[in-house]
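Me: I would like to go through this structure with you, one topic at a time. Could we begin with the cysteines?

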Amino acid sequence: MAKSSGRSFSRRASGRRGSVTVIEDHVSRSYTRNAKIAFWVVSIVAGLLAATVLADTWHPILALLLGGVLGVAVALPIAAVIAIWPVLRVIVWWLPEIVFTTDCVLGFVVLAQHTTLAVRLVVVVVLAAPFAFPKVRRHVMKVAWCFISRHRLRTCFAEFIIGNNRASLPFVLWARPTLVGESVWLWLRPGLAMSDLEGRLEQIAAACWADKVTVERASQSNSAYVRMDISRRDALTGTVVSPLTGEIREPSDALIQPSTLVLDTPADGLDLDDVTEAFVLDAQKNTVKNGRTDNGKKPGPARETVTVPAAHGADDISDYID
């Protein structure tokens, strides 16, 4: 194994010196240190507890030795899990894909061992037939984008969180498809706040191959629990089919005919000098029918003309009083 610079694992490939990064060097040292601490703490505590219980039936020295052995036996698996947790974490991240791929390969192998070629072709066609429908393909792609977004978010977080030694990676809990993309729930670990994600939304959107990304709290009582909405398309640009359009009737000819208001007033205006008393009497006869006016009310009594003499030095206002 070749010596690497700042890497945990290296290898020789095709006679040339190269390296493949599995665990970053500072991450490996950190987990190794935590594994040692966990081993000594767990072995001492578990050993003392076991020795205390065994001292009732065994000699104290023998009980102490047996307690130490039991403590080491309990502490070793815990320390081993902590030491290899970076590798186990990657396996947990890819567990759905690993399980799906393994089931497909093993299922096809078992099918090939117990059936003929014709039966295998029929099974493959039946399983692949639903993908011929666009609706099925869209639903499958929505679920696939949920898994892709989870991996892209981890990659993006590793760049601007772990790369700067600021905090630990947040837990990507689960994701579900939405009308415009995906919603991903995160659990922020110590050293990281939602404001750190809000300042990196453009980088996160670029990492997820999305249009835009928004983040908000998913819990009113716990600020570590947040939801990230990934938008890949604009829902407002689509065509919405509404059943109300079928209820709109065509306008009739009577409604669309233009109406014209004809006035008998001459173009140069109304000449009040032409209005005679005979014209006024004819208009009153036309409006009064059966003792009632057009609005259904009886005409009021005739008004008398009162002439008020003008005071000395004042204007004559009798012309203004009807």
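Reply: A definition is needed at the outset: a disulfide is a pair of cysteine sulfur atoms within 2.5 Å. Please also bear in mind that the model is predicted.

Me: How many disulfides does the structure hold?

Reply: The number of disulfides in the structure is zero.

Me: Why is there no bond at Cys156?

Reply: The closest cysteine sulfur to that of Cys156 belongs to Cys208 and lies 6.7 Å away, which is too far for a bond. A disulfide would require the two sulfur atoms to be within 2.5 Å.

Me: Are these two cysteines buried or exposed?

Reply: Cys156 has a relative accessible area of 7%, so this residue is buried. Cys208 is also buried, and its value is 0%.

Me: Now the sheet. What is the strand order?

Reply: Four strands form an open sheet in the order S3-S4-S6-S5, and the pairing is antiparallel. S3 and S5 are the edge strands, each of which pairs on one side only. From one strand to the next, the twist averages 20°.

Me: How many bridges join S3 to S4?

Reply: There are six bridges between these antiparallel strands. As for residues that face each other, Pro177 stands opposite Glu182 in S4.

Me: Which aromatic pair ties S3 and S4 together?

Reply: That is the pair of Trp174, in strand S3 (residues 171–177), and Trp185, in strand S4 (residues 181–187). The two parts are 11 residues apart in sequence. The rings are tilted, with 6.0 Å from centre to centre and 35° between the planes.

Me: How accessible are those two residues?

Reply: Trp174 is partly exposed at 45% relative accessible area, whereas Trp185 is buried at 12%.

Me: Which residues make up the cluster around that pair?

Reply: Ring pairs link Trp174 and Trp185 with Trp187 and Tyr225 into a cluster.

Me: How many aromatic pairs are there in the whole structure?

Reply: A search of the whole structure gives five. One of them is formed by Phe39 and Trp40, whose ring centres are 5.3 Å apart.

Me: Why is that pair called edge-to-face?

Reply: The planes of the two rings stand at 75°, and an angle over 60 degrees counts as edge-to-face. Phe39 is buried, with a relative accessible area of 18%, whereas Trp40 counts as exposed at 56%.

Me: Changing topic: where is Arg232?

Reply: Arg232 is in the loop between strand S6 (225–231) and helix H9 (253–256). This arginine is buried, with 17% relative accessible area.

Me: What does the Arg232 side chain contact?

Reply: A polar contact of 3.0 Å joins the Arg232 side chain to that of Ser149. The Arg232 side chain also reaches the backbone oxygen of Trp209, at 2.9 Å. In addition, Arg232 lies over the face of Trp145, 3.8 Å from the ring centre.

Me: What about Trp209 itself: where is it, and is it buried or exposed?

Reply: Trp209 belongs to the loop between helix H8 (201–207) and strand S5 (212–217). Its relative accessibility is 51%, so Trp209 counts as exposed.

Me: What is its phi?

Reply: Trp209 has a positive phi of about 55°, although this residue is not a glycine.

Definitions and conventions
Residues are numbered from 1 along each chain as its sequence is written. This is a predicted model: local features need pLDDT of at least 70, side-chain atom pairs count only at pLDDT 80 or more; totals for chains, interfaces and linings use all residues. Side-chain values use heavy atoms; hydrogens and water are left out. Buried means under 20% relative accessible area, exposed over 50%, partly exposed in between (1.4 Å probe, protein chains only). Rings of Phe, Tyr and Trp (its six-membered ring) pair if their centres lie within 6.5 Å; planes under 30 degrees apart count as stacked, over 60 as edge-to-face and the rest as tilted. A charge sits over a ring if NZ of Lys or CZ of Arg is within 6 Å of the ring centre and within 35 degrees of the ring normal. Two strands pair if DSSP finds at least two bridges between them. Axes are lines fitted to C-alpha atoms, for helices over the stretch in contact, and angles run from 0 to 180 degrees between N-to-C directions. A polar contact is a pair of N or O atoms within 3.5 Å; within protein, one must be able to donate a hydrogen and the other to accept it, and residues adjacent in sequence count only if both atoms are side-chain atoms.
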